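Take a short walk through this structure, from its domains to its empty spaces and its cysteines.

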2 protein chains.
Amino acid sequence: MARWAPGARERLQQAALDAFETYGFDATTVASIAAVAGVTERTFYRHFADKREVLFDPEHALETAFSRAAVAQDPDIGLRDLIRAVLRDVAVLCPEEARADARRRGAIIASDAGLQEREALKLQRITAALERAFQERGESARRAQLAAGLCVLAFRTGHAAWLAEGETRSLDGLCGTMLASATLVLAK
Amino acid sequence: MARWAPGARERLQQAALDAFETYGFDATTVASIAAVAGVTERTFYRHFADKREVLFDPEHALETAFSRAAVAQDPDIGLRDLIRAVLRDVAVLCPEEARADARRRGAIIASDAGLQEREALKLQRITAALERAFQERGESARRAQLAAGLCVLAFRTGHAAWLAEGETRSLDGLCGTMLASATLVLAK
């Protein structure tokens with residue numbers, strides 16, 4: 001067993017962002033990421049299943065955050081307020097200081113069809129988990145399915161807006177704006 | 001070149017549904033599907049890239065139908081009416097006589113994680129195509145993104161309801177119901 005290297009995970013993530021940006025996602029090898037981070041390939045694979053996973057969340061932290069937020073709210077609030085509260089709780093995971101790296105990550109994902117598929121699947125998992133959480137709160141299958149879909153739609157579009165060059169509003173505010181815009185689209 | 005067999009494509013699709021139901025998706029081979037349909041494996045691969053593709057639409061007919069429907073509507077209608085009109089045009093592709101086979105297909109997809117991923121990616125492609133079509137109609141990036149997301153959400157949930165055992169309402173009617181329910185969720 002190699003000696004445990006403090007911060008290896010974060011160093012690997014930064015080295016991967018640098019390498020993907022400089023050489024492109026396809027041309028970057030796990031060996032080169034590990035070398036720049038100053039760890040062995042073996043250490044890389046202790047943290048991530050493969051090259052793609054460095055860009056994603058192997059522990060499903062976001063999925064868990066959505067589900068937890070859904071069950072944590074006041075049992076009496078309406079479905080729209082519940083969606084808004086879940087978005088607020090989850091947005092805490094993406095503070096201002098994380099925006100620069102999130103933009104770099106977003107640009108790399110946008111450059112590769114396989115990474116976009118991985119992102120779509122992650123959102124599908126979140127939607128399914130959220131749907132179960134809403135049902136556990138006593139919502140009907142149909143309302144749980146729609147509420148989960150609307151919540152993830154507001155998050156996805158709000159997060160894309162948050163990454164836009166020059167955007168300074170918070171993720172929470174942008175998700176709220178998207179929810180309001182969706183309401184307007186459906187109301188007319 | 002093997003002689004062109006009329007109806008080979010449809011026979012392969014039916015043979016695949018039968019085999020997947022009887023032996024499970026994993027245990028079914030392309031060879032056994034081809035044998036039951038009375039064609040060679042070569043003919044199978046002329047129609048479908050692999051075993052999974054028999055269950056999906058290799059020509060992206062649904063994606064094209066969504067985009068065409070979006071650009072075909074009256075240029076002056078509002079976004080909500082536009083979404084409703086697109087759903088109506090696309091629902092024509094799923095008439096009552098297709099429901100029994102769609103149910104069988106849905107049950108097979110629900111049995112396999114890989115097939116569910118393939119379905120999620122298909123919906124992602126449709127969403128992206130629809131977003132482009134809405135932008136071509138002059139909608140802003142944000143409204144096009146939200147409208148595409150709402151339209152696919154109504155379609156996805158309406159289609160799931162259409163497949164439910166004992167359900168007799170049309171796909172078009174169910175998509176309209178889902179759009180109305182989503183409006184209610186957001187209004188409260």
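To read a lining by class, count Ala, Val, Leu, Ile, Met, Phe, Trp, Tyr, Cys and Pro as nonpolar; Asp, Glu, Lys and Arg as charged; and the others, Gly among them, as polar. One caution comes before the tour: the model is predicted.

Start with the layout of chain A. Chain A splits into domain 1, residues 8-51, and domain 2, residues 61-187. Their centres, taken over C-alpha atoms, lie 28 Å apart. Domain 1 of chain A brings seven residues to the contact, and domain 2 of chain A brings six.

Now look for empty space. Rolling a probe the size of a water molecule over the atoms shows where such space is left. Take the second largest pocket, which holds about 250 Å³. Which elements give two or more residues to its lining? They are α7 (113-136) of chain A and α7 (113-136) of chain B. The biggest share is that of α7(A), which supplies seven residues. From chain A, the lining includes A:Glu63, A:Arg118, A:Leu121, A:Lys122 and A:Gln124. A:Arg125, A:Ala128 and A:Arg132 are also part of the lining. Chain B adds B:Ala113, B:Gln116 and B:Glu117. By class, six residues of this lining are charged, three are nonpolar and two are polar.

Next come the closed spaces. How many cavities of 30 Å³ or more are there? The count is two. The largest cavity has a volume of about 50 Å³. Its lining is made of B:Asp57, B:His60, B:Leu62, B:Glu63, B:Lys122, B:Arg125 and B:Ile126. In chain B, α4 (61-72) and α7 each supply at least two of these residues. The most come from α7(B), with three. Four residues of this lining are charged, two are nonpolar and one is polar.

The second largest cavity holds about 30 Å³. Around this cavity stand B:Phe56, B:Asp57, B:His60, B:Arg118, B:Lys122 and B:Arg125. Four of these lining residues are charged, one is polar and one is nonpolar.

Pause at B:Lys122. B:Lys122 lines the largest cavity, and B:Lys122 lines the second largest cavity as well. Its place is in helix α7 of chain B. Is B:Lys122 buried or exposed? B:Lys122 counts as buried, because its relative accessibility is 18% and the cut-off for buried is under 20%. Leaving out residues up to four places away in sequence, B:Lys122 touches B:Phe56, B:Leu62 and B:Arg105. Of these, B:Phe56 also lines the second largest cavity, while B:Leu62 lines the largest cavity.

Finish with the cysteines. A disulfide is a covalent bond between the sulfur atoms of two cysteines. A search of the whole structure, over all chains, finds zero disulfides. Why does A:Cys151 have no such bond? The closest cysteine sulfur, in A:Cys175, is 8.2 Å from the sulfur of A:Cys151, so the gap is too far for a bond. The sulfur atoms of a disulfide must lie within 2.5 Å. B:Cys94 is in no disulfide either. There the nearest cysteine sulfur, that of B:Cys175, is 8.4 Å away. Both cysteines are buried: A:Cys151 has a relative accessibility of 0%, and B:Cys94 has a relative accessible area of 16%.

Conventions:
Residues are numbered from 1 along each chain as its sequence is written. Chains are lettered from A and ligands numbered from 1 in the order in which they are written. This is a predicted model: local features need pLDDT of at least 70, side-chain atom pairs count only at pLDDT 80 or more; totals for chains, interfaces and linings use all residues. Side-chain values use heavy atoms; hydrogens and water are left out. On a 1 Å grid over the protein atoms alone, a cavity is a set of points where a 1.4 Å probe fits but cannot get out, and a pocket is an open set with protein on both sides within 12 Å along at least five of seven lines; lining residues have an atom within 4 Å of a point. Grid points are joined across faces, edges and corners, and a volume is the space filled by probe spheres set on the points. Helices (H or I, at least four residues) and strands (E, at least two) are DSSP runs, numbered from the N terminus. Buried means under 20% relative accessible area, exposed over 50%, partly exposed in between (1.4 Å probe, protein chains only). Domain bounds come from an automatic or database domain assignment. Contact means heavy atoms within 4.5 Å.
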